[in-house]
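Open the model in your viewer and keep the selection box at hand. The stops below say what to select next and what is there.

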Amino acid sequence: MARKKPVSGKHRRSQLKLKRKTAANRKSAKDTKNDRESQSHTRKAGDPSDRRGEKGRPQTGLILGEESHDRKGGEVGFGLGFGVGPGLGLGLSSSSIVTSFGGRIDTGDTVEKRERKGRLATFFIKEDDRKVNKRKKNASNPINRHPTSIYEADEAFATQHPVFCHPRRPQWAQRESKQVVEAREEAMFGVWVNRVLTWARLVEEVTPFELNIDVWRQLWRVCEFSSVVVIVCDVRYPTFHIPPSLFNHLTQDISKRVMIVVNKVDLVPCELVERWCKWLKARYPNTPVVTFSSRPIDPDTHNKTGINSRRKRLHKRVSKGVYKKHLDEQARKIIKAAAPLLTPNPKGFLVLGVVGHPNVGKTSIVNALCGTKRASTSSTAGHTKHLQHLPIPHILENGVVVDCPGLVFPRPAPRHLTELMGLYPIAQIRETYSAVRFLAQRLKLEKLYGLRKPDWYDEDDPWTPLMICEALGEKKGYDLTRGGAHRVGLEILKDCTDGALLLAFHPNDTDPRNNGDQKISQEARVNTPFGPGIVRPAPPESEWSLCSVHLDSNAIAYIGAATVSQIHKWNEI
């Protein structure tokens with residue numbers, strides 16, 4: 001007979017105490033909110049303090065409204081608006097946002113203090129509690145194993161999505177004031193966020209993405225004054241880390257030379273690295289593809305897949321001389337590939353901009369190019385928060401490398417894939433069972449961790465994400481009645497992002513330029529989430545057809561690219 005799952009009486013008492021404390025906090029928050037509303041009614045109409053800070057400077061970037069007093073693990077509720085003043089109504093006034101990597105913003109701070117403390121903080125929309133609880137309930141469902149141990153990368157990530165692109169800086173002129181340029185940028189940014197969220201609600205699931213316009217401005221500036229833009233990707237899933245909208249914008253719209261650096265090649269077998277390099281060169285012709293690793297490859301332990309052996313290799317100390325020699329070789333390899341593309345700017349400098357997702361190793365590449373540690377690194381995603389200009393005269397005369405903060409682009413993928421790729425801070429993940437299920441479908445976690453089913457389960461019960469977390473938690477001696485299963489799930493995700501668990505995707509070795517979809521041969525009328533639209537045939541040299549949508553203002557707005565399968569999907573709306 002199966003043993004009953006242990007439940008702590010002390011835990012029950014603590015739950016009751018927490019419930020009472022939460023009720024008291026809600027009552028206090030409600031009273032505070034009523035007091036503020038009464039104070040706001042007494043404020044004079046048109047008071048400049050409503051929209052300005054202490055010195056009367058207009059508020060820019062992401063405008064934060066009143067805090068909802070629902071804080072837990074960095075989650076802060078704000079009313080969202082974009083632009084100066086109330087901005088565009090995005091339907092997010094009652095939503096909350098998650099602040100990451102940039103500190104906490106207090107309610108009592110003035111506008112200027114908020115801008116100074118959280119100007120470059122990353123903002124994500126807080127996930128709905130109902131969705132989180134629903135996924136937690138699904139943790140007891142059996143795991144359906146993937147039919148094969150080789151899992152190919154999704155080809156959709158390598159093609160530009162009609163809506164899930166990145167915000168592009170509007171046209172500006174030198175004679176325009178800063179306030180005018182920023183107002184135009186914020187208006188565009190609000191329209192872009194509204195479009196992405198509308199599409200996500202109606203058609204497809206979207207990953208968490210950056211909502212702070214000031215962080216996107218860092219990317220715009222790096223792309224503008226760089227001679228060559230280096231896009232860094234993780235070798236375990238390169239197509240996920242190379243946003244096609246960014247690549248197309250750099251190469252087609254602003255005519256920048258681009259180079260791709262495949263990082264962390266020491267985590268996967270050499271054969272997989274060669275296959276990805278071959279695939280990327282065919283997918284992006286005339287674009288140099290270079291590999292990089294911050295640690296030298298040990299041929300004795302490189303192909304081992306056990307968790308303990310991979311952990312030892314990740315934490316193995318390397319002598320300072322061998323480490324420096326390895327980084328110098330990697331840096332010279334990058335400069336050799338970028339040198340033919342570099343052109344001096346008006347001041348005579350050769351600028352190399354490094355961009356990409358968080359936690360793909362951009363700062364490690366910058367330190368290797370500098371020959372010493374000039375910028376701090378961390379395994380936590382989004383550690384770099386401001387662009388940095390660093391000279392590299394020892395390896396490139398008049399050379400400057402610019403380290404750009406990592407930005408999370410919207411992608412048509414489930415949330416747990418972003419968490420497994422290391423783009424979301426692990427400490428702020430509220431539900432880990434979906435990511436554990438995704439891993440268990442492709443890796444035999446119970447064998448890799450040496451797990452046995454807990455004795456409150458029957459022997460013939462199938463493995464579930466909850467069972468895996470409980471079995472590993474009992475093996476480590478965690479208290480399962482006090483969040484031990486969630487703690488184990490976070491540790492499993494940490495092993496995946498660090499490389500102790502090898503989750504790597506294989507490229508589709510067919511011609512990557514053939515996405516398997518048909519082109520639009522004639523003009524077609526479609527129904528999109530934004531209203532009725534018209535799809536026009538693509539020119540001979542293009543892979544996509546262009547879609548225009550009639551908005552409520554009777555204007556025609558360019559939405560993006562479309563294929564036959566996308567049109568069928570739209571017409572089902």
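**A buried pair of phenylalanines**

Select F438 and F505: both of these residues are buried. Their rings have centres 6.4 Å apart and planes at 35°, so the pair is tilted. F438 belongs to helix α13, residues 433-442, while F505 sits in the loop between α16 (484-498) and β12 (524-528). The two residues are 67 apart in the chain, so the pair links distant parts of it. Bear in mind that what is on screen is a predicted model.

**The whole chain**

Zoom out before going further. The protein has 17 helices and 15 strands. Of its 573 residues, 51% are buried. Colouring by surface would show about 29000 Å² exposed, with carbon and sulfur atoms supplying 50% of that area. Taking contacts between residues at least 6 apart in sequence, 69% join residues at least 24 apart.

**Other aromatic rings**

How many aromatic pairs does a search of the whole structure find? The search finds eleven. For one of them, select F247 and Y284, whose ring centres are 4.5 Å apart and whose planes stand at 50°, so this pair is tilted. F247 is in helix α7 (residues 244-253), and Y284 is in the loop between α8 (270-283) and β8 (289-291). These residues are 37 apart, and their pair links distant parts of the chain. Is F247 buried or exposed? F247 is buried, and Y284 is buried too.

Next, select F189, W192, F209, W216 and F409 together; ring pairs link these residues into a cluster.

**Helices α15 and α16**

A pair of packed helices is described by the angle between their axes and the distance between the axes. Show α15, residues 465-476, together with α16. Their axes come within 8 Å and cross at roughly 95°. An angle from 65 to 115 degrees counts as roughly perpendicular, and α15 and α16 are therefore roughly perpendicular to each other.

To see the contact, select these residues:

- from α15: L466, I468, C469, E470, L472, G473 and K476
- from α16: A485, V488, G489, E491 and I492

By class, this contact of α15 with α16 has seven nonpolar, two polar and three charged residues.

Stay on α16 and pick D495, which lies in that helix. Its relative accessible area is 9%, so D495 is buried. Which residues does D495 touch, leaving aside neighbours within four places in sequence? D495 is in contact with R311, Y449, A500 and L501.

**Helices α10 and α11**

Now show α10 (residues 320-338) and α11 (residues 362-370), whose axes come within 8 Å and cross at roughly 95°. These two helices are therefore roughly perpendicular to each other. On the α10 side, select L327, A331, I334 and I335; they meet I365, A368 and L369 in α11. What classes of residue make up the contact of α10 with α11? It has seven nonpolar residues, no polar ones and no charged ones.

**Two asparagines with positive phi**

Most residues other than glycine have a negative phi. Select N359, in the loop between β9 (350-356) and α11. The phi of N359 is near 65°, a positive value in a residue other than glycine. With a relative accessibility of 17%, N359 counts as buried.

Then go to N398, in the loop between β10 (388-391) and β11. The phi of N398 is near 60°, again a positive value in a residue other than glycine. N398 is partly exposed, at 42% relative accessible area.

**Two last selections**

Move to D403, found in strand β11, residues 399-403. D403 has a relative accessible area of 0% and is buried. Draw a distance from its C-alpha atom to that of L390: the two are separated by 8.0 Å and lie 13 residues apart along the chain.

Finish on A187, placed in helix α4, residues 178-202. A187 is partly exposed, with a relative accessible area of 39%. The C-alpha atoms of A187 and P170 are separated by 9.8 Å, and these residues are 17 apart along the chain.

Definitions and conventions
Residues are numbered from 1 along each chain as its sequence is written. This is a predicted model: local features need pLDDT of at least 70, side-chain atom pairs count only at pLDDT 80 or more; totals for chains, interfaces and linings use all residues. Side-chain values use heavy atoms; hydrogens and water are left out. Axes are lines fitted to C-alpha atoms, for helices over the stretch in contact, and angles run from 0 to 180 degrees between N-to-C directions. Helices (H or I, at least four residues) and strands (E, at least two) are DSSP runs, numbered from the N terminus. Angles under 35 degrees count as roughly parallel, over 145 as roughly antiparallel, 65 to 115 as roughly perpendicular and the rest as oblique. Contact means heavy atoms within 4.5 Å. Ala, Val, Leu, Ile, Met, Phe, Trp, Tyr, Cys and Pro count as nonpolar, Asp, Glu, Lys and Arg as charged, and the others, Gly among them, as polar. Buried means under 20% relative accessible area, exposed over 50%, partly exposed in between (1.4 Å probe, protein chains only). Accessible areas come from the Shrake-Rupley method with a 1.4 Å probe; for residues, only the protein chains shown count as cover. Rings of Phe, Tyr and Trp (its six-membered ring) pair if their centres lie within 6.5 Å; planes under 30 degrees apart count as stacked, over 60 as edge-to-face and the rest as tilted.
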